[in-house]
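Biologist: I would like a close look at one part of this model. Please take a single helix and its surroundings, and explain them in terms a first-year student can follow.

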Amino acid sequence: MDSDSKRTGRTAEADPGLLGVYLNDHLAGATLGSELSARLASAHRDSEDGAVLERLATEIREDRAALIELMAALEVPVRQYKVLLGWAAEKAGRFKPNGRLLERSPLSSLEELEAMTLGVVGKSACWRVLRTLADHDDRLDPERLDDLLRRAKRQAETLEELRLRAGARLATSAA
């Protein structure tokens, strides 16, 4: 490690440009996930899963904000075009055929919950990469990243329960 790396707590090998691409790609996904979780919570507001989905949507918004804070700490600029692409991808996903023309079908919820699950898995992967970097970069708080990882694990478990229930409802609606 050179003297500049010792002073800043940063590794000399890090390529901030590549890290910026990586984090902005995750920000695009976080934007999509935030929009999707809000839509899912709204669609189920009056159901037995409504409160759980609302809590998840709030946490996912908070996780997106945490990512932006971490990017700022790492001096990674937010690329607005990627944020816009994540937002647009979620809106475009609404036009996917779901077996019903003018209303939500049970398939919509199942597929949205599966997409949310994949998003949380991706978010966990990002938190783990940042957690590894935190061991060598004093701009990152290892405890904060550990908290984010624990929350992502809880989110994945909750989404799996909701996904399985949605699958069961889909199976019973087809019978």
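Modeller: What follows starts with the whole chain, turns to helix H3 and the loops at its two ends, and then moves on to the other helices.

This is a predicted model, and local features are discussed only where pLDDT is at least 70. The chain holds six helices and zero strands, so the order of elements from the N terminus is α-α-α-α-α-α, by the definition that counts helices and strands as DSSP runs. Of its 175 residues, 37% are buried. The accessible surface of the chain is about 10100 Å², and carbon and sulfur atoms account for 58% of that surface. If we take the contacts between residues at least 6 apart in sequence, 79% of them join residues at least 24 apart.

Now to H3 itself. Helix H3 covers residues 50-73. H3 has 24 residues, and the distance from its first C-alpha to its last is 35 Å. The span expected at 1.5 Å a residue is 34 Å, and the helix comes close to that. Which residues of H3 are buried? They are Gly50, Leu53, Leu56, Ala57, Glu59, Ile60, Asp63, Ala66, Leu67, Leu70 and Met71.

One name in that list, Leu67, leads to the interior of the chain. The largest nonpolar core has 33 residues, and Leu67 is among those with the most contacts inside it, together with Leu23, Trp127, Leu130 and Leu145. H3 supplies at least two residues of this core, and so does each of helix H2 (16-43), helix H5 (106-134) and helix H6 (142-174). Leu130 gives a view of the packing: leaving aside residues up to four places away in sequence, Leu130 touches Leu23, Leu70, Leu74, Leu140 and Leu145. Of these, Leu70 is one of the buried residues of H3.

Asp63, also buried in H3, takes part in something else. Salt bridges with shared partners join Asp63, Glu62, Lys123 and Arg151 into one network.

Next, the loop before H3. Asp49 lies in the loop between H2 and H3. Is Asp49 buried or exposed? Asp49 counts as buried because its relative accessible area is 4%, and the cut-off for buried is under 20%. The side chain of Asp49 makes a polar contact of 2.4 Å with the side chain of Arg165. Not counting residues up to four places away in sequence, Asp49 touches His44, Leu162, Arg165 and Arg169.

At the other end, H3 is followed by Glu75. Glu75 sits in the loop between H3 and helix H4 (80-93). Its phi is positive, about 60 degrees, although Glu75 is not a glycine. Glu75 counts as exposed because its relative accessibility is 57%, and exposed means over 50%.

The other helices are tied to one another by charged pairs. The structure holds 14 salt bridges. One of them joins Lys82 to Asp25, with the closest N and O atoms 2.4 Å apart. This pair links distant parts of the chain, since Lys82 is in helix H4 and Asp25 is in helix H2, 57 residues apart. Lys82 counts as buried, at 13% relative accessibility, whereas Asp25 is partly exposed, at 42%.

A second salt bridge brings together the side chains of Arg39 and Glu112, at 2.8 Å from N to O. Here too the link is between distant parts of the chain: Arg39 is in helix H2 and Glu112 is in helix H5, 73 residues apart. Arg39 is buried, with a relative accessible area of 18%, and Glu112 is buried as well, at 9%.

A further salt bridge pairs Asp137 with Arg139, the closest N and O atoms being 2.6 Å apart. Asp137 is buried, with a relative accessible area of 9%, while Arg139 is partly exposed, at 23%.

The loop between H5 and H6 includes Asp141. Asp141 is partly exposed, with a relative accessible area of 40%. Asp141 and Arg131 are ten residues apart in sequence, and their C-alpha atoms are 8.2 Å apart in space.

To return to the helix you asked about: H3 supplies at least two residues of the core, Asp49 in the loop between H2 and H3 is buried, and Glu75 in the loop between H3 and H4 is exposed.

Key: Residues are numbered from 1 along each chain as its sequence is written. This is a predicted model: local features need pLDDT of at least 70, side-chain atom pairs count only at pLDDT 80 or more; totals for chains, interfaces and linings use all residues. Side-chain values use heavy atoms; hydrogens and water are left out. Helices (H or I, at least four residues) and strands (E, at least two) are DSSP runs, numbered from the N terminus. Buried means under 20% relative accessible area, exposed over 50%, partly exposed in between (1.4 Å probe, protein chains only). Contact means heavy atoms within 4.5 Å. Accessible areas come from the Shrake-Rupley method with a 1.4 Å probe; for residues, only the protein chains shown count as cover. A nonpolar core is a set of buried Ala, Val, Leu, Ile, Met, Phe, Trp, Tyr and Cys residues joined through side-chain atoms within 4.5 Å. The expected span of a helix is 1.5 Å times one less than its number of residues. A polar contact is a pair of N or O atoms within 3.5 Å; within protein, one must be able to donate a hydrogen and the other to accept it, and residues adjacent in sequence count only if both atoms are side-chain atoms. A salt bridge is a side-chain nitrogen of Lys or Arg within 4 Å of a carboxyl oxygen of Asp or Glu.
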